[in-house]
Amino acid sequence: MIQTGAAQTDSSRRLPFRPVYDEPAWLVKARRKAWDAYQGAPLPARAGHLWRYTPAGRFALPDEEALASPVPSPKSTDWPGVIRKSLDAGQLSGAALSREGQFVRSELAPALAKSEIILGDLREAAFRHGDIVQAHLEKLVGAGHGKFEALNGAVWGGGVFLYVPGGTALEMPVRLLHAAGKRKKFFASRLLVVAGEGSDVTLVDEYAAGRKEGYVNAGVEIFAGASSRVRYVAVQRLGREARFYVTQRVRAARDASVLTVTASLGAAAMKADIGTVLSGPGAESEMVGVLLGEGRQHFDHHTLHDHREHNTRSNIDFKTVLTDRARSAYTGLIRIADEARGSEAYQENRNLLLSEGARAESIPELEILTEDVRCKHGATVSSLDPEQIFYCLSRGIPRPEAARIIVEGFVEPALRRVPENIREELRGCVRERLG
């Protein structure tokens, strides 16, 4: 998967896969360091705080055979129909496609083709824009973050890089699609977003099913510059037997406004570590989560709002709906440093159980090191309200349809926080899943 070049042949021997691509020496060194960290780190212990509900072995690499061969070239480089249609209709500022861990193509809207916006292959950007990439890559999600983050740092392919210059406002979203494919059982993806001062961007990042099983390991780093507005929407719709591990970090600078949305719909097992670091005074962050689980799906989400400067604001609204024997574990940490005086934070996790076999765990956490703050949190776990069901039945609505209406109403307050130009698409995902 990695070509180190002739000068780095010795380095490549320490990696578990045959070189294929050229990469800068600094990136090769980072990959080698990450691989050493992955090999040297034990699996997270079940007794560990963030792994009490999920066996870490479900996300371990079964063997190195999955890395021994180069990623197959995609049979087709055509855009999926929905993206091609959106590009032609002027509904997107740009799009990027990766398949089976290999970058395929990217395209900016014609009006932006001559702008300084960069959207493309992260590996290629490491050459052409090495100063920007090297200054940001693995600064939020690095090899020291954990064993599976180290694995991602060593073997990622299909990386995407988005750079929005300061003062640039994109009216339409940028859309990324990571297709799982049908041939490769494991791949690791990487996303690096750098939004300059005063910029404005919306990014939709989707992981789509190509096969029922498989393992996807994803790393996401987003840098929101001073006074920027960044909206990041992640949609996971992998196959029902797939595994998905993702670590996402955002750094919000002075007066930046960040919205991160997580829609967890697919996969047999999913572990997500989602966090925003409010590193500048006046920074604001809002997180929205929608989770729909059925069968024996297992979801484990951890969110973090890390307030490091004064007068910062954060809010979390995470909604979970489970049926059959699905499981969800949610842990949300609000950390407010001593320097973060005058900050405000709120966290809410509500869980709706549609069957007796479904189970949800909710653990809100606070770590507050200063008294001059306003901080609230709440968590609920409940079943369908019998009075609401009776009301629908009394008006001739069949029970399955009544349950669907109630569930849509349950998640709607969270969806209303999503930007209008992608809100309806997420509603469609929810309706499709409920159907």
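**Exercise 1. Locate Ser-227 in the loop between its two flanking strands, then classify its backbone and accessibility.**

Solution. Ser-227 sits in the loop that runs between β8 (215–224) and β9 (229–237). Strands here are DSSP runs of E with at least two residues, helices are runs of H or I with at least four, and both are numbered from the N terminus. The model is predicted: local features need pLDDT of at least 70, side-chain atom pairs count only at pLDDT 80 or more, and totals for chains, interfaces and linings use all residues. Residues are numbered from 1 along each chain as its sequence is written, and side-chain values use heavy atoms, with hydrogens and water left out.

Next, the backbone. Most residues other than glycine have a negative phi. Phi of Ser-227 is near 60°, a positive value.

Last, accessibility. Buried means under 20% relative accessible area, exposed over 50%, and partly exposed in between (1.4 Å probe, protein chains only). Ser-227 has 36% relative accessibility and therefore counts as partly exposed.

**Exercise 2. Where does Asn-311 lie, and what is its phi?**

Solution. Asn-311 lies in the loop between β14 (298–307) and β15 (313–322). Its phi is positive, about 60°, although Asn-311 is not a glycine. With a relative accessible area of 36%, Asn-311 is partly exposed.

**Exercise 3. Is Arg-175 buried or exposed, and which side chain does Arg-175 join in a polar contact?**

Solution. Start with the position: Arg-175 belongs to strand β5 (residues 174–179). Its relative accessibility is 7%, so Arg-175 counts as buried.

A polar contact is a pair of N or O atoms within 3.5 Å; within protein, one must be able to donate a hydrogen and the other to accept it, and residues adjacent in sequence count only if both atoms are side-chain atoms. The side chains of Arg-175 and Glu-206 are joined by such a contact of 2.8 Å.

Contact in general means heavy atoms within 4.5 Å. Leaving aside neighbours within four places in sequence, Arg-175 touches residues including Val-82, Leu-92, Val-204 and Glu-425.

**Exercise 4. Which residues of α9 and α10 meet?**

Solution. On the α9 side they are Arg-404, Val-407, Glu-408, Val-411, Glu-412 and Leu-415; on the α10 side, Arg-423, Leu-426, Arg-427, Val-430, Arg-431 and Leu-434.

**Exercise 5. Place Tyr-391 in its helix.**

Solution. Tyr-391 is found in helix α8 (residues 386–394). At a relative accessible area of 47%, Tyr-391 is partly exposed. Its C-alpha atom is separated by 9.0 Å from that of Ala-402, 11 residues apart along the chain.
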